[in-house]
Amino acid sequence: MIAHVSDVHVDGTQRSAERTRAVMAYLDGLNADLDAVLVTGDIADHGRPEEYELARELLFASRHPVMVCPGNHDERAAFREFLLREPPSKEPSLKDLSSKEPVNHVRDVGGAVIALCDSSIPGADDGVLEDETLDWLSQVLKETPETAPVLVGFHHPPTLLHEPFIDGIRQFRTKRLAEIADSHNNVVGFLCGHAHTAAATTFAGRPLLVAPGVVSTLRLPWEQRAHPEDYVHLDQPPAIAFHVLDDTGRITTHYRSVLV
């Protein structure tokens with residue numbers, strides 16, 4: 001079983017820290033061990049070192065294995081150095097590279113493979129999987145046994161969610177991602193965040209499961225707003241998803257709110 005957390009937006013305030021802490025305490029209090037906790041981006045709100053230091057303290061203290069990928073609010077070099085604890089390069093040219101190179105991770109968990117891809121574009125709010133990342137994903141899939149189910153995760157949803165604000169900053173140029181998935185039958189689903197709302201749809205003929213937000217909840221177009229740019233509920237509780245893979249590779253998702 002996998003817990004899926006997204007959009008914690010740690011910003012140094014008590015509010016974001018308390019909401020993240022409540023979610024992780026809830027997961028640590030479960031009466032079962034999770035195969036992984038996935039955090040699909042927007043971990044720091046401004047990409048600052050001190051935000052990542054706090055996020056690391058909040059997230060990686062978990063008794064469960066934790067995997068992370070960046071979102072549009074994250075900054076790749078600081079993400080690597082202060083969240084992942086990858087040693088910074090002393091060579092300026094290599095340090096420049098670390099701010100541009102996508103942050104991708106793969107892990108075997110409970111008989112399945114999770115490939116987390118970096119869909120962020122430095123300096124932009126929308127997303128894309130760069131050719132380097134798609135090459136990496138293709139190689140991961142080639143090296144994965146056909147009998148092992150694969151979940152592919154990233155921050156930005158690669159299709160419309162019918163919420164105009166999010167749809168305008170979704171993941172674009174997704175044709176090659178769909179083609180890669182179509183050539184590997186063991187890709188059983190896609191996981192993402194970014195939308196701050198629990199949602200389920202399909203992409204490339206597979207489930208696309210969107211984690212709700214921890215820091216806030218998106219206002220849907222048909223919900224009342226105080227003004228046109230009132231995009232989020234700040235008074236709703238943080239929420240998460242649980243993904244369960246059965247022996248046939250079928251995925252079942254449950255969503256839960258967490259009291260703060």
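**Strand 9 and the aromatic pairs**

Phe203 stands opposite Arg206 in strand 9. That contact is a handy way into this predicted model, since it sits where two strands meet: strand 8 (residues 199–203) and strand 9 run antiparallel and are joined by 5 bridges. Between the two strands there are just 2 residues, and together they make a hairpin. Ala204, in the turn, has a positive phi of about 55 degrees.

Strand 9 has another partner too. Strand 7 (residues 187–192) pairs with strand 9, this time in the parallel sense, over 3 bridges. Among the residues involved, Cys192 has Val210 in strand 9 as its bridge partner. As for how much of strand 9 (residues 206–210) can be reached from outside, 4 of its 5 residues are buried, so the strand is largely enclosed by the rest of the structure.

Phe203 turns up again when the rings are considered. Along with Phe154 and Phe190, Phe203 forms one aromatic cluster. Phe203 belongs to strand 8, while Phe190 falls within strand 7.

Looking over the whole structure, a search turns up 5 aromatic pairs. One of them is made by Tyr26 and Phe242, whose ring centres are 6.3 Å apart with 50 degrees between the planes, a tilted arrangement. Tyr26 comes from helix 1 (residues 14–28) and Phe242 from strand 12 (residues 239–245), so this pair ties together parts that are 216 residues apart in sequence. The two partners do not share the same surroundings: Tyr26, at a relative accessible area of 29%, is partly exposed, whereas Phe242, at 7%, is buried.

Tyr52 and Phe79 make another pair. Here the ring centres are 5.8 Å apart and the planes meet at 80 degrees, so the arrangement is edge-to-face. This pair also links distant parts of the chain, with Tyr52 in helix 2 (residues 49–59) and Phe79 in helix 3 (residues 76–83), 27 residues apart. Both Tyr52 and Phe79 are buried.

Helix 2 covers residues 49–59, and a ring contact of another kind involves Arg56 and Phe60. The charged end of Arg56 sits over the ring of Phe60, at 5.2 Å from the ring centre.

Technical notes. Residues are numbered from 1 along each chain as its sequence is written. This is a predicted model: local features need pLDDT of at least 70, side-chain atom pairs count only at pLDDT 80 or more; totals for chains, interfaces and linings use all residues. Side-chain values use heavy atoms; hydrogens and water are left out. Rings of Phe, Tyr and Trp (its six-membered ring) pair if their centres lie within 6.5 Å; planes under 30 degrees apart count as stacked, over 60 as edge-to-face and the rest as tilted. Buried means under 20% relative accessible area, exposed over 50%, partly exposed in between (1.4 Å probe, protein chains only). A charge sits over a ring if NZ of Lys or CZ of Arg is within 6 Å of the ring centre and within 35 degrees of the ring normal. Two strands pair if DSSP finds at least two bridges between them.
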